[in-house]
Amino acid sequence: MGKAYADEQLEEAFTLYSKSLERFCYTRLGEASEYSSDCVQDTYCLFYSKLLDGEKFQNPRAFLYKTANNMVLKAKEKYFKNARRTKNLEEAEGISFCIEDEYEQRQDDSIDIEKAHQILIAKLTDSEIELYQMKYIEQKSLKEIGSILDIPPSAVAMRTSRLRAKIKELITPTLNEIRGGGI
């Protein structure tokens with residue numbers, strides 16, 4: 001078996017599946033598609049390593065696609081982690097920023113921003129909290145949220161817009177309640 005066998009199997013698998021694996025990775029990565037070549041390369045490296053270790057594959061295609069999918073998941077995680085680090089604060093649109101803006105306009109030191117944030121979150125429905133968590137805490141894209149909720153990204157955008165509007169409506173009454181000692 002050895003190296004000659006591994007080389008032969010790698011070459012055959014590359015010839016048969018490389019183009020379709022590249023498309024698979026590119027499509028699955030979506031906005032992180034720049035990582036698709038890396039995913040394919042890492043998939044074949046792992047495949048070759050296992051061949052060199054003497055492993056035989058009844059269905060190399062299945063192994064390659066499963067491995068490629070795992071590589072895609074890792075690449076997406078890396079991409080979105082990096083995107084969160086570099087994202088401009090003005091684009092975040094989270095509740096805390098709305099509260100801080102209102103707070104700064106009023107110049108009121110008696111308001112605890114974290115407390116106001118918690119109170120606002122408590123006024124949301126379970127589905128709104130779930131959307132808030134995915135969009136503003138986990139920084140998921142509209143496409144990812146749509147996939148999780150099984151709705152189109154345009155519907156996610158509408159829900160996000162309604163959520164932001166509701167939060168903005170709730171800010172002033174919530175801050176007034178806190179200031180008045182009602183909460």
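The following legends describe close-up views of a predicted model of one protein chain.

**Figure 1. The chain as a whole is built from helices.**
The predicted model contains eight helices and zero strands. Read from the N terminus, the order of elements is α-α-α-α-α-α-α-α. The chain has 183 residues, of which 37% are buried.

**Figure 2. Helices H1 and H2 pack against each other.**
Helix H1 comprises residues 2-29, and helix H2 comprises residues 36-52. Their axes lie 9 Å apart and form an angle of about 155°. Angles over 145 degrees count as roughly antiparallel, and H1 and H2 are therefore roughly antiparallel to each other. The crossing in which H1 passes H2 is right-handed. The residues of this contact between H1 and H2 comprise 17 nonpolar, five polar and three charged.

**Figure 3. Helix H2 has a buried face.**
The 17 residues of H2 should span 24 Å at 1.5 Å a residue, and the end C-alpha atoms of the helix are indeed 24 Å apart, which agrees. The buried residues in H2 are Ser36, Cys39, Val40, Thr43, Tyr44, Phe47, Tyr48 and Leu51. When the helix is seen down its axis, these buried residues fall within an arc of 165°, so they line one face of H2. Just after H2 comes Gly54, with a positive phi of about 95°.

**Figure 4. Phe24 of helix H1 and Ala68 are separated in sequence by 44 residues.**
Phe24 belongs to helix H1. Its relative accessibility is 23%, so Phe24 counts as partly exposed; the term buried is kept for values under 20%. Although 44 residues separate Phe24 from Ala68 in sequence, the distance between their C-alpha atoms is 8.3 Å.

**Figure 5. Helix H6 is followed by a residue with a positive phi.**
Helix H6 runs over residues 126-137 and has 12 residues. From its first C-alpha to its last, H6 reaches 15 Å, close to the 16 Å expected at 1.5 Å a residue. Glu128, Leu131, Tyr132, Met134, Lys135 and Tyr136 are the buried residues of H6. After H6 comes Gln139, whose phi is positive and near 55°.

**Figure 6. Gln139 and Asp150 each have a positive phi without being glycine.**
Gln139 is located in the loop between H6 and helix H7 (142-149). Its phi is about 55°, although Gln139 is not a glycine. With a relative accessible area of 18%, Gln139 is buried. Asp150 is located in the loop between H7 and H8. The phi of Asp150 is near 60°, again a positive value in a residue other than glycine. Gln139 is thus a buried residue, whereas Asp150, at 69% relative accessibility, counts as exposed.

**Figure 7. Glu177 of helix H8 and Ala116 are separated in sequence by 61 residues.**
Glu177 is found in helix H8, which covers residues 153-180. With a relative accessible area of 32%, Glu177 is partly exposed. In sequence, Glu177 and Ala116 are 61 residues apart. In space, the C-alpha atoms of Glu177 and Ala116 are 9.6 Å apart.

Note on methods. Residues numbered from 1 in each chain as written. Predicted model: local features only at pLDDT ≥ 70, side-chain atom pairs only at ≥ 80, totals over all residues. Heavy atoms only, no water. Axes fitted to C-alpha atoms, helices over the stretch in contact; angles between N-to-C directions. Helix = DSSP H or I, 4+ residues; strand = E, 2+ residues; numbered from the N terminus. Parallel < 35°, antiparallel > 145°, perpendicular 65-115°, else oblique. Left-handed = near helix turned anticlockwise from the far one by under 90°. Nonpolar A, V, L, I, M, F, W, Y, C, P; charged D, E, K, R; others polar. Expected span 1.5 Å × (residues − 1). Buried < 20%, exposed > 50% of the residue type's maximum accessible area, 1.4 Å probe, protein only. Arc of directions from axis to C-beta.
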